[in-house]
Every structure is written in C-alpha cells, then in structure tokens.
Amino acid sequence: HYGQTVEREELALIADIGGGTSDCSVVRVGPRQRQRADRGGDVLANAGVRVGGTDFDTALSLVAVMPLLGLGTQLVEKGLPMPNALYHELATWATINFAYTYRNERELAELVTLACEPEKVERLLEVVRRRLGHRLAFAVEDAKIALSAEDSVAILLGFLEASLAAVATRAEFEGAIEARLDRLNRTARDCIAAAGLGPSSIDTIFLTGGSSRVPAVRAAIARAAPSARLA
C-alpha cells in the first residue's frame with residue numbers, strides 16, 4: 001500500500017514500534033520496485049531493539065499510578081522505603097500474575113502496619129487480593145494513548161477505590177521513557193549506517209505500530225534522519 005503512494009524512487013526508513021520490540025529497516029521504494037517479483041535486494045539493512053509499547057506502559061504506571069499505591073513511601077522504622085519489586089511486577093504486563101501470591105498478601109498486611117502512609121499500602125494489598133493488576137494496566141495503556149493528543153489525562157481508578165484517580169502528564173511520561181527513546185534513536189541511526197547511508201540519504205520515515213502515535217517516539221525516530229518526511 002505504501003509503495004503505491006510513492007511516485008518517485010525513494011529510500012525509506014521503516015520503523016515498526018511493536019509491543020515488546022521495535023524494528024527498523026531501510027528499503028528502496030518506488031514505481032520501479034513495486035513491479036519486481038523479488039524485492040529482497042531492496043531491503044538494505046535491518047536493526048531491532050527490545051523496546052516497545054509495554055515498556056512505555058510500565059514507565060507510565062510507575063511514575064503516575066504506583067505512587068498512589070505506596071511506591072516511594074517510607075516505613076516508620078529506620079525511615080526505609082517501601083520495597084519496590086512488587087510495584088515493578090504489577091506495572092509490567094508479562095509479570096502481573098506473579099504478584100498474586102499468599103506470601104505477598106501476608107507481607108503487605110504486615111507492611112500496612114509499618115508504613116508512614118498506610119492507606120496507600122492498603123490499596124496495593126487490595127490490588128493483590130482482588131487481582132486488579134490487569135485493570136490497572138489497561139487504564140494506564142488508555143492514558144498512554146490519550147497523552148498522544150493531550151498534555152495531561154486522568155487515570156480513573158474507581159474500580160479500586162471510589163473517586164480515586166491519578167493524573168498523568170505528557171512531560172512526566174516523556175521524562176520516564178527518555179532512556180528508551182534514546183535506544184530507539186540509536187537503533188534507527190544504526191540501521192541507516194548499516195545500509196551504508198547517511199541521515200540525509202533517507203527520503204521518508206514510515207512509522208507503524210500502535211506506540212508510533214506517541215509524539216516523543218515519533219520525534220526520537222525522526223531525529224535519525226532530520227530531513228526526511230514522516231509518513
């Protein structure tokens with residue numbers, strides 16, 4: 001479909017931002033190429049990185065939602081922080097179910113009595129008891145998508161506690177994923193270099209995948225070839 005919209009010969013950087021990985025390819029496109037049965041020679045380079053939409057969800061959850069469940073709060077004794085491993089499990093799609101253990105419930109019930117902000121830890125205990133991790137994750141994913149068009153959004157958590165909501169801002173989200181954006185940019189630049197080309201040789205950057213709608217993701221890829229048009 002993309003090749004049919006190209007009226008002249010071009011070099012394109014294809015960036016596919018998937019759920020768990022992102023892949024880049026440098027490809028020749030144009031009227032002459034689409035008539036050929038064998039397009040193998042038109043793929044000049046490939047590169048990939050284990051960064052994707054689920055990583056962005058995790059980062060947003062940790063910065064916007066998990067503090068309402070006690071992340072960053074302290075324990076009364078010795079001023080120690082709340083253990084954070086469980087928060088990372090609940091914020092990561094692949095490990096949410098690992099959080100649902102009786103051992104975690106017992107430890108959280110004890111930590112409620114030791115926390116400086118016990119009401120927050122009680123929320124965390126409720127998430128584990130009621131198996132609400134995936135509902136949290138879906139709410140965060142919706143907020144990520146909404147932040148593509150808004151500067152801030154409310155993450156509604158009424159299923160956990162009446163009227164509970166977290167505020168997520170685009171600036172906060174972009175700060176949380178900055179290191180991952182750098183990896184995306186390096187991958188795109190490496191792909192162009194592997195094709196034996198410089199950034200100015202790329203005519204078009206073609207973005208696909210759900211998280212390519214995130215403005216900061218688009219900008220990170222675009223920096224790899226600043227003069228290219230985005231499609």
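This report walks through an aromatic pair, a helix and two enclosed or open spaces in a predicted model.

**An aromatic pair**

Let us start with the rings. Searching the whole structure turns up 1 aromatic pair. Its members are tryptophan 93 and phenylalanine 138, whose ring centres are 5.0 Å apart with planes at 75°, so the pair is edge-to-face. Since planes over 60 degrees apart count as edge-to-face, the 75° angle fits that class. Tryptophan 93 sits in the loop between helix H3 (85-91) and helix H4 (102-114), while phenylalanine 138 belongs to helix H6 (residues 133-146), so the pair ties together parts that are 45 residues apart in sequence. How accessible is tryptophan 93? Its relative accessibility is 22%, and tryptophan 93 therefore counts as partly exposed. Phenylalanine 138, at 47%, counts as partly exposed.

**Helix H5**

Next comes helix H5 (residues 118-129), which has 12 residues. From its first C-alpha to its last, H5 reaches 16 Å, close to the 16 Å expected at 1.5 Å a residue. Which residues of H5 are buried? They are Lys120, Val121, Arg123, Leu124, Leu125, Val127 and Val128. These buried residues pack against H3, H4 and H6. After H5 comes arginine 131, which has a positive phi, near 55°.

**A pocket and a cavity**

Now for the empty space, beginning with the volumes and the makeup of the linings.

| Space | Volume | Lining residues by type |
|---|---|---|
| Largest pocket | about 180 Å³ | 7 nonpolar, 2 polar, 2 charged |
| Largest cavity | about 50 Å³ | 6 nonpolar, 1 polar, 1 charged |

The lining of the largest pocket consists of Met82, Pro83, Asn84, Ala85, Leu86, Glu89, Asn104, Glu107, Leu108, Leu111 and Leu124. H3 and H4 are the elements that give two or more residues to this lining. H4 gives the most, with 4 residues. Leu124, one of the pocket-lining residues, is also among the buried residues of H5.

As for closed spaces, the count comes to 1 cavity of 30 Å³ or more. The largest cavity is lined by Asp57, Ser61, Leu90, Ala91, Trp93, Leu136, Ala137 and Val140. Helix H2 (53-65), H3 and H6 each supply at least two of these residues, and H6 gives the most, with 3. Here the aromatic pair comes back into view: Trp93 is part of the cavity lining, and its ring is the partner of phenylalanine 138 in the edge-to-face pair.

Methods:
Residues numbered from 1 in each chain as written. Predicted model: local features only at pLDDT ≥ 70, side-chain atom pairs only at ≥ 80, totals over all residues. Heavy atoms only, no water. Phe/Tyr/Trp six-rings, centres within 6.5 Å; stacked < 30°, edge-to-face > 60°. Buried < 20%, exposed > 50% of the residue type's maximum accessible area, 1.4 Å probe, protein only. 1 Å grid on protein atoms, 1.4 Å probe; cavity = no way out; pocket = protein on both sides within 12 Å on 5 of 7 lines; lining within 4 Å. Points joined across faces, edges and corners; volume = space filled by probe spheres on them. Nonpolar A, V, L, I, M, F, W, Y, C, P; charged D, E, K, R; others polar. Expected span 1.5 Å × (residues − 1). Contact = heavy atoms within 4.5 Å.
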